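Let's take a walk through this one together. Have a look at the fold first, and then we'll go through it piece by piece.

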Amino acid sequence: MTFLAQALKIKDQTIAWRRDLHRHPELGFKEVRTAQIVADELTRLGMDVTTGVGKTGVVGMLLGAAETPVLLLRFDMDALRIQEETGAVYASQNPGVMHACGHDAHTAVGLSVARLLAARRESLPGTIKFVFQPAEELDGGAAHMIADGVLTKPTPDYVMGMHVWNERPVGWYGLTPGPSMAGADIFTVRVSGKGGHGAQPHITRDPILAVAHIVTALQSIVSRNVNPLDSAVVSVTQLESGTANNIIPQEAVFTGTLRSFKPEVGALIKDRFYTLIETIAGAMGCQAEIDFIKVTEPVINDPRLAALMGQVAAAVDPGAKVDTAFQTMGGEDFSLMMQTIPGCFMMVGSANPERGLDYGHHHPKFDIDEACLPYAVAILAQGAVEVLESGR
Ligand SMILES: [Zn+2]
Ligand SMILES: [Zn+2]
């Protein structure tokens, strides 16, 4: 039986897992119930299971017929702080928390892939490390799992992961060789001046005016410093200051994000970012304190693995549209696992506009067409076998 036939046979189970997780979403590092379901299922499949990896992460080792090569398959489990508005029968029962990015689908796909591959362990040409990761959404889940040794004992030869993608229909697969998702930094900048009476600006140092100039100047980085043939984003997304009409405040604070695909572009943006903020704040008689956090590296697919997975997708799904030019400014912390190990991150089209299932990720009405799930399961299972075979 082909992997697709098997994936279609257990489709109801995949969907049941997805809906159950969707009903019971858990925020980053709070995926206790989810992790328990995952650990129970991997244990039932006869895997060697470790829990508490990177706080709430779960790792299951599937030993095949050969010890090496080792492939790491990663699925994320966390939900978002959003009040669900889908009205679905399987809508979130946890107020203010929602699986609005599709990580419920990823966990369900991961469990089904585990089931299919565990049934074939005697003929599996290597070892598969199933990694269920907490806190992908800006909380550093991948970094915590790496710190807890998920990339050692054994060190994987390859890493693969997936994301449902609601900007494309079911049957579309994004498998771009090279950069496909942006690296993301986040920042908080505190500009402090000297407060005072709104009627006596001459004896103050106005942080609001300084920040106004800074926010405007930051928009010159992409338009005037980055090569027009490269892509980057500088977004200021929050700005806060002041308490009254007649008070020049002591401080103004803004936050935002920087995105780019190439490490050298990321370094250029960061350099210009610091220079503009420090010099403009200084010129306006204020001081700037910059808190800068690297959240993700760019997702850069190994060209050989991306090509192999593209062939697998086309072979498994007769209606597959494999897109090798897809790129998004969205970030993904799986990139941290791809830093030193050849990897491939597959985007799986999950939208169905006719059924209204095409709201964007992180929208309160986000929902996917579950028809994509068995295909994702079959492609990952088949891809895992072929990647292991190719590495022997
Ligand atoms: Zn997300
Ligand atoms: Zn996501």
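**Starting from a helix**

In helix H7, the buried residues are Val265, Gly266, Ile269, Phe273, Ile277, Ile280 and Ala281. Around the axis they take up an arc of only 105 degrees, so they sit on the same side of H7. Keep in mind that this is a predicted model.

What do you find on the face of H7 turned away from its buried side? That face carries the exposed residues Glu264, Ala267, Asp271, Thr275, Gly282 and Ala283. On the buried side, the partners are one helix and a set of strands: the buried residues of H7 pack against helix H6 (207-224) and against strands S8 (183-192), S10 (232-241), S12 (251-260) and S13 (287-296).

The length of H7 checks out too. The helix runs over residues 263-283, and at 1.5 Å a residue its 21 residues should span 30 Å; the end C-alpha atoms are 30 Å apart, which agrees. Just past the helix comes Gly285, with a positive phi near 75 degrees.

Now slide along to helix H8, residues 303-316. You can run the length check again here: 14 residues at 1.5 Å each should span 20 Å, and the end C-alpha atoms are 20 Å apart, so the two agree. Leu305, Ala306, Met309, Gly310, Val312, Ala313 and Val316 are the buried residues of H8. Looking down the axis, you'd see them within an arc of 165 degrees, so they line one face of the helix.

Time to zoom out. The chain splits into domain 1, built from 3-180 + 298-390, and domain 2, which covers 183-296. Their centres, taken over C-alpha atoms, are 36 Å apart. How many residues of each domain are in contact with the other? On the domain 1 side there are 10, and on the domain 2 side 8. By class, the domain 1 side of that contact has 5 nonpolar, 3 polar and 2 charged residues.

As for the whole chain, you can count 9 helices and 16 strands. Its radius of gyration is 23 Å, close to the 21 Å that the globule rule gives for 392 residues, so the chain is as compact as a globular protein of that length. Along the principal axes, the C-alpha trace spans about 80 × 45 × 40 Å. Buried residues make up 49% of the 392. And of the contacts with a separation of 6 or more, 81% are between residues 24 or more positions apart.

Note on methods:
Residues are numbered from 1 along each chain as its sequence is written. Chains are lettered from A and ligands numbered from 1 in the order in which they are written. This is a predicted model: local features need pLDDT of at least 70, side-chain atom pairs count only at pLDDT 80 or more; totals for chains, interfaces and linings use all residues. Domain bounds come from an automatic or database domain assignment. Two residues are in contact if their C-beta atoms, placed from the backbone, lie within 7 Å. Ala, Val, Leu, Ile, Met, Phe, Trp, Tyr, Cys and Pro count as nonpolar, Asp, Glu, Lys and Arg as charged, and the others, Gly among them, as polar. Helices (H or I, at least four residues) and strands (E, at least two) are DSSP runs, numbered from the N terminus. The radius of gyration is taken over C-alpha atoms; the globule rule is 2.2 Å times the number of residues to the power 0.38. A residue is buried if 20 or more other C-beta atoms lie within 10 Å of its own, exposed if 12 or fewer, and partly exposed in between; C-beta atoms are placed from the backbone. The expected span of a helix is 1.5 Å times one less than its number of residues. The arc is that of the directions from the helix axis to the C-beta atoms.
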